[in-house]
Amino acid sequence: MSGRLSFYRFSSPAAFYPLAGAIGKVSALIAVVLLAIGLYMSFFVAPTDYKQGEGYRIIFIHVPSAWMSMFIYLVMAFWAGIGLVFNTRLSSMMAQALAPTGAIMTFIALWTGAFWGKPMWGAWWVWDARLTSELILFFLYIGFIALQGSIDDTRRADRAGAVLLLVGVVNIPIIYFSVKWWNTLHQGATVSVTEGSSMSTIMLQAMLIMTFAFWAYSVAVAMYRVRSIILEREKDTRWVSELPEVRR
Amino acid sequence: MKARHKRLGFLLVGLVVLGAASWLVFNALGNNLSYFFSPTEVAENKVPADHVFRLGGLVQPGSVERGEQLTVHFDVTDNAHTVRVAYTGILPDLFKEGQGVIAQGRMGSDGVFVADEVLAKHDENYMSPEVADALEKGHQKGIENMAKENKPL
Amino acid sequence: MKGGVSEFFAMGGYALYVWGSFGATALLMIAEPLLVRQRRKAALQRISRLVRIKSEQQS
């Protein structure tokens, strides 16, 4: 009973606002520490690759950003679905707060992929299934942001955005399994749940630390952004006008 | 409470329909989404005739011939069939015998695939040169050991 | 690690690609928090003004 109560307590924007600030602060701290460790490992601890030399070090940002681009989308779709079914305001705000970060992660994955593909494959870009589906993911993020921005009524904007997000979920397994289902220029998964990993342990550790760093970064940025969204949407309420940062 | 259940129902039905539709589409598309054809598909005449397509496989070790005027000849194999490729231009860094490669071009009448673009396809393995060396040596040693063990027989 | 600073930045000939990737990523991951801070400042300013107008109307 009390668990249920506390869940509902934090589903109110007024109660979540300070909590988001606390989570954001802790996540930002974790992100900075992990980024420092991860970058040090990426450049000074992880050995040179036997085939790609130093050029493979792009993997330490390419793979984490690509994972986050898919993961953030799933989290957004989850919150959008909750918002659609239960009409909770906060979950729609969470989806909205995550979108720019997801778009940036997708962009980083595409950009670093191009800068990796050029020297190794011989092409900045190819239209194979993996690259194309990741590009579609980028357009889904942009489409969601544009759609939400173009509808003035926030409730309707949330609904339209949620439907777009849920339809776009189909794309996520396509991205993930594209290298398995079709012949692609992109190589298969280095780290997979079923087959373990095919890279040396120290490289894998560096990549995982960078992944957690990106994850903490995303949480921090989304939490700080959701605070702004809460303020924007609740600007006429009494609790907002009584906030210390507003009254001073 | 009721409206909420109704919305949840709509959502689930919608997702199921969407999933089924996309499954059907991708089933129908099948191999059309593949980026390249294998030498076996070339041998079985599954590739478009008189049309540009991509050929993918491994560069047959010992088959690379650098001729005059920058033209390179090599065999692309999938360990079942082999296609001879001719290419004029700069090869990517990772192009090597025994490595994956994707060539774009068309079949010549003489059975040689004339490529106008060659991309290297690498695998998902990453390790240090020392480890790669050790693996290679271990592999060699294993073969030698097997040969030794077989000798007395 | 044995070479020195210039060898480190050369990245075995992949300098453009490695630094092009890490540089763009760093730029984005610095710009995004700044934009978020900007948004918060703008929101707070707007609300402060709103509160002021309201209190003036009441008095």
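**Exercise 1. Which chains of this predicted model share the most contacts, and how many residues does each side provide?**

Solution. Step 1: two pairs of chains touch, and the pair formed by chains A and B has the most contacts. The model is a predicted one. Step 2: in this contact, chain A takes part with 34 residues and chain B with 30 residues.

**Exercise 2. Describe the side of chain B that touches chain A by its elements and by its residue classes.**

Solution. Step 1: at least two residues each come from helix 1 (2–29), strand 6 (112–121) and helix 3 (129–150) of chain B. Step 2: the most is given by helix 1 of chain B, which supplies 7 residues. Step 3: by class, this side of chain B holds 18 nonpolar, 6 polar and 6 charged residues.

**Exercise 3. How far apart are the nearest C-alpha atoms of chain B and chain C?**

Solution. The distance is 11 Å, and the two chains do not touch. For reference, a contact requires C-beta atoms within 7 Å.

**Exercise 4. Set out the elements of chain A and their order along the sequence.**

Solution. Step 1: chain A contains 10 helices and 2 strands. Step 2: their order in chain A is α-α-α-α-α-α-α-β-β-α-α-α.

**Exercise 5. Characterise chain A by its dimensions, its burial and the sequence separation of its contacts.**

Solution. Step 1: the C-alpha trace of chain A spans about 60 × 35 × 35 Å along its principal axes. Step 2: of the 248 residues in chain A, 48% are buried. Step 3: among contacts in chain A with a separation of 6 or more, 76% join residues 24 or more positions apart.

Note on methods
Residues are numbered from 1 along each chain as its sequence is written. Chains are lettered from A and ligands numbered from 1 in the order in which they are written. This is a predicted model: local features need pLDDT of at least 70, side-chain atom pairs count only at pLDDT 80 or more; totals for chains, interfaces and linings use all residues. Helices (H or I, at least four residues) and strands (E, at least two) are DSSP runs, numbered from the N terminus. A residue is buried if 20 or more other C-beta atoms lie within 10 Å of its own, exposed if 12 or fewer, and partly exposed in between; C-beta atoms are placed from the backbone. Ala, Val, Leu, Ile, Met, Phe, Trp, Tyr, Cys and Pro count as nonpolar, Asp, Glu, Lys and Arg as charged, and the others, Gly among them, as polar.
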